[in-house]
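Me: I'd like a close look at one part of this model, a spot where two helices pack against each other. Could you walk me through it and tell me how far to trust it?

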Amino acid sequence: MPRTTRPFGKPAITGTFDEATENSVKKFQKQFSLTVDGVVGKATWYKISYIYVSVKDLAELTSEGETFTGAQSAGAWPGTVLRRGSTGRSVEQVQFWLSSLAQFDSDLRPSVWMAALARPRNARSRHSRNRRV
């Protein structure tokens, strides 16, 4: 199956909310039926976090030996809306999640993500364990 384009782009993990980050956020928001404003409020923060954790679990990213630079948090909402010009660890976290999602190929097209995410989490985990060799 041919590789698809990266659905959200791949922003650099710089800790500065720049144009590339804003564009990635807008594409993500559009794909997941959020308000497309390019800012990361509470709803966008939790949706990006949820999709990242779910897709990472599905793809068994850590067992593949993939590594990323950037800080990882527990995913709790930082309480501040992030927009172009924002800086700091929360911006770095969003960039990490979006950049990480860009690593996946056509096996994780957005339509596949949505179907996989519709299954209960324990079913996804059981499926992942069964695929290991």
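**The α1–α3 crossing**

Reply: Helix α1 crosses α3 in a left-handed sense. This is a predicted model, so keep that in mind throughout. The two helices pack at an angle of about 65°, and their axes sit 11 Å apart.

Who touches whom? On the α1 side you have Thr 21, Ser 24, Val 25 and Phe 28; they meet Val 94, Gln 95, Leu 98 and Leu 101 of α3. Sorted by type, the residues of this contact come out as five nonpolar and three polar, with no charged ones.

Staying with α3, which covers residues 89–101, have a look at Phe 96, which lies in that helix. Phe 96 counts as buried because its relative accessible area is 1%, under the 20% cut-off. Its C-alpha atom is 8.1 Å from that of Ala 12, although the two residues are 84 apart along the chain.

Back in α1, Gln 29 deserves some time. This residue belongs to α1 and is buried, since its relative accessible area is 0%. Its side chain has two polar partners worth pulling up in your viewer. One is the backbone oxygen of Thr 35, reached at 3.4 Å; another is the side chain of Thr 44, with a polar contact at 3.1 Å. If you skip neighbours within four places in sequence, Gln 29 is in contact with Leu 34, Thr 35, Val 36, Asp 37, Gly 38, Val 39 and Thr 44.

For another buried polar side chain, go to helix α2, residues 42–59, where Ser 54 lies. Ser 54 counts as buried because its relative accessibility is 0%. The Ser 54 side chain reaches the backbone oxygen of Tyr 50 at 2.9 Å.

Now, the trust question. Mean pLDDT for the protein chain is 75, and 60% of its residues reach 70 or more. Among the chain's elements, α1 (residues 19–31) has the highest mean pLDDT, 93, while α5 (residues 121–131) has the lowest, 44. Over residues 122–133 the pLDDT is below 50, and that stretch has 16 contacts in the model beyond near neighbours in sequence. Residues 67–72 also stay under 50, with 17 contacts beyond four places in sequence. Where pLDDT is low, the predicted coordinates shouldn't be read in detail.

Key:
Residues are numbered from 1 along each chain as its sequence is written. This is a predicted model: local features need pLDDT of at least 70, side-chain atom pairs count only at pLDDT 80 or more; totals for chains, interfaces and linings use all residues. Side-chain values use heavy atoms; hydrogens and water are left out. Helices (H or I, at least four residues) and strands (E, at least two) are DSSP runs, numbered from the N terminus. Buried means under 20% relative accessible area, exposed over 50%, partly exposed in between (1.4 Å probe, protein chains only). A polar contact is a pair of N or O atoms within 3.5 Å; within protein, one must be able to donate a hydrogen and the other to accept it, and residues adjacent in sequence count only if both atoms are side-chain atoms. pLDDT is the predictor's confidence in each residue, from 0 to 100. Contact means heavy atoms within 4.5 Å. Axes are lines fitted to C-alpha atoms, for helices over the stretch in contact, and angles run from 0 to 180 degrees between N-to-C directions. A crossing is left-handed if the near helix is turned anticlockwise from the far one by less than a right angle, and right-handed if clockwise. Ala, Val, Leu, Ile, Met, Phe, Trp, Tyr, Cys and Pro count as nonpolar, Asp, Glu, Lys and Arg as charged, and the others, Gly among them, as polar.
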